[in-house]
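Thank you all for coming; I would like to walk you through one structure this morning, going slowly from sheet to sheet and then to the helices. Please keep the sequence and the view in front of you as I go.

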Amino acid sequence: MKAYERLLEYVKIPTPSFDESGSVPSSREQLVLAELLKGELEVLGLKAEVDEYGYCYGVLEATEGYEDRPALGWIAHMDTVSDFPWGPVQPVLHPHYDGGDVPLGDSGRVLSVKQFPHLKTLRGRTLITTDGTTVLGADDKAGIAEIMVMLEEVQKSGMPHGRIPVAFTPDEEIGAGADHFDVERFGADFAFTMDGGAEGEIEYENFNAASAVIRIAGVNVHPGDAKDFMINAALVGTEFAAMLPKEETPAHTEGYEGFYHLCSFEGDVSKAELNYILRDHDLEKLMEKKKVLEDCMQKLNEQYGEGTVSMDWTDEYRNMKEQIRDHMHLITNARMAALQANITPVTNPIRGGTDGARLSFMGLPCPNLGTGGYAFHGPYEHITVEGMEKAVQMMLHLVEMYAGSGTMDCNN
């Protein structure tokens with residue numbers, strides 16, 4: 001099967017993840033897909049299992065005589081977002097795409113060149129879209145499909161290879177994809193997550209991340225007797241938000257620029273709560289943002305009384321570059337593999353997080369590669385047949401490199 005054919009089969013199984021579920025995985029549907037993938041891995045000749053947390057592990061043992069080669073692993077996640085309708089997916093194929101606007105079924109939505117200028121570069125390809133009523137699920141079932149086809153091609157071609165572990169993980173979209181990942185069981189020296197955008201994307205830098213909950217305790221009295229006594233927590237909350245740099249929000253930043261993002265604000269006169277996420281590629285700059293929050297809190301407490309404003313700070317994840325810098329062969333070889341697959345490699349910082357970042361800090365260096373998809377997490381999600389094929393070719397070149405001798409340097 002081709003990669004896109006596998007994708008079309010996988011998206012038939014809805015696999016949303018739910019942040020408030022309390023179960024692992026967070027939806028039963030993910031277990032259905034995990035068991036299906038286990039069976040497919042076994043058909044391809046791999047040893048495979050689904051563990052108690054819904055992680056599907058498989059391994060293609062090394063070709064005889066290649067046992068001493070680095071074990072290169074491949075990872076993709078099974079879940080999709082649940083904050084947009086995720087019901088039965090109806091993918092639509094558009095052969096010989098003309099590079100123009102595409103109406104998405106009868107939904108009234110249009111995949112437009114004005115909104116997505118890169119569409120012009122996909123002219124002539126076979127475009128796969130949603131019908132406008134759900135996500136497509138290419139994030140990250142495209143990655144799963146490409147890993148499966150890579151394994152199939154390795155087997156069919158007789159390509160010599162080192163040990164190839166694979167894993168399909170649950171709950172990545174709610175930030176829990178690495179929570180129960182068993183690095184020792186996986187058994188790879190290095191790995192790639194197939195969870196990026198356009199084919200040829202190579203990502204090994206991501207945000208350092210933290211969250212902050214700002215709590216405000218007000219003093220609520222009858223408004224007729226409130227002079228010099230009432231402290232309106234909701235108004236203090238607006239003061240706090242206004243004290244932060246207006247230009248350092250997601251709507252005003254790009255590339256390596258960090259931000260403060262107010263995710264929610266709830267409150268009344270007696271109490272209020274502001275939930276922020278903070279991001280920066282530079283860890284020192286992230287700590288500077290924490291200091292800004294503390295300074296704002298201190299100023300408001302000086303004005304309204306100690307204890308009016310408090311903050312709970314949580315470190316979330318860190319920039320995987322700290323771990324990858326000692327294994328830059330992964331990036332060098334990914335660029336070479338892209339060129340060999342006739343893809344222009346593009347190395348971008350991730351303005352977000354990735355399971356690969358957490359896994360890198362768990363002892364498994366793990367950059368992220370593009371699957372050929374675009375506009376994830378919504379009804380405009382799309383991918384091309386040709387992009388998926390190119391991603392598979394890039395993967396095959398990497399397998400070949402790490403099985404070879406003199407083609408790589410694992411020490412830098």
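**Sheets and the helices beside them**

Let me begin with an open sheet of four strands, whose order is E4-E7-E18-E17 and whose pairing is antiparallel. At its edges stand strand E4, residues 92-94, and strand E17, residues 373-374, and each of these pairs on one side only. I should say at once that what you are looking at is a predicted model. Within this sheet, E4 is joined to strand E7, residues 127-129, by three bridges, the two running antiparallel, and if you want one pair to find on the screen, Leu93 has Ile128 in E7 as its bridge partner.

Now let us turn to another open sheet, also described by four strands, with the order E12-E13-E11-E14 and antiparallel pairing. Here E12 and E14 are the edge strands, and each has a single partner strand, so one side of each is left without a neighbour in the sheet. On average, and ignoring direction, neighbouring strands of this sheet are turned by 15 degrees against each other. E12 and E13 pair in the antiparallel sense over eight bridges, and among the residues involved is Glu266, whose bridge partner in E13 is Glu273.

Two helices belong in this part of the picture. Helix H5 lies across E11, E12, E13 and E14, and runs at about 20 degrees to E13. Helix H6 packs on the sheet as well, touching E11, E12, E13 and E14, and its direction makes about 170 degrees with that of E14.

I would like to stay with H6 for a moment. It covers residues 283-304, which is 22 residues, and it reaches 32 Å from its first C-alpha to its last, close to the 32 Å expected at 1.5 Å a residue. Which residues of H6 are buried? They are Leu286, Lys289, Leu293, Cys296, Met297, Leu300 and Asn301, so please note that a lysine and an asparagine are listed here alongside the leucines. Seen down the axis of H6, these buried residues fall within an arc of 135 degrees, so they line one face of the helix. What do the buried residues of H6 pack against? Their partners are strand E11 (208-217), helix H5 (233-243), strand E12 (259-267), strand E13 (271-280) and strand E14 (309-317). On the other side of H6, by contrast, Glu284, Lys299 and Glu302 are exposed.

The two ends of H6 also deserve a look. At the N-terminal end, Asp282 acts as a cap, with a side-chain oxygen that lies 2.8 Å from the backbone nitrogen of Glu284. Just after H6, Gly305 takes a positive phi of about 115 degrees.

Finally, I come to strand E8, residues 164-169, which is mostly covered, six of its six residues being buried. As a general point, the side chains of a regular strand alternate between the two faces of the sheet. In E8 both faces are covered, with Ile164, Val166 and Phe168 buried on one side and Pro165, Ala167 and Thr169 buried on the other. E8 pairs with strand E2, residues 56-60, in the antiparallel sense over five bridges, and Val59 has Pro165 in E8 as its bridge partner. With strand E3, residues 72-77, E8 runs parallel and is joined by four bridges, and there the bridge partner of Ala76 in E8 is Phe168.

Conventions:
Residues numbered from 1 in each chain as written. Predicted model: local features only at pLDDT ≥ 70, side-chain atom pairs only at ≥ 80, totals over all residues. Heavy atoms only, no water. Expected span 1.5 Å × (residues − 1). Buried < 20%, exposed > 50% of the residue type's maximum accessible area, 1.4 Å probe, protein only. Arc of directions from axis to C-beta. Contact = heavy atoms within 4.5 Å. Polar contact = N/O pair within 3.5 Å; in protein donor to acceptor, adjacent residues only side chain to side chain. Pairing = 2+ DSSP bridges. Axes fitted to C-alpha atoms, helices over the stretch in contact; angles between N-to-C directions.
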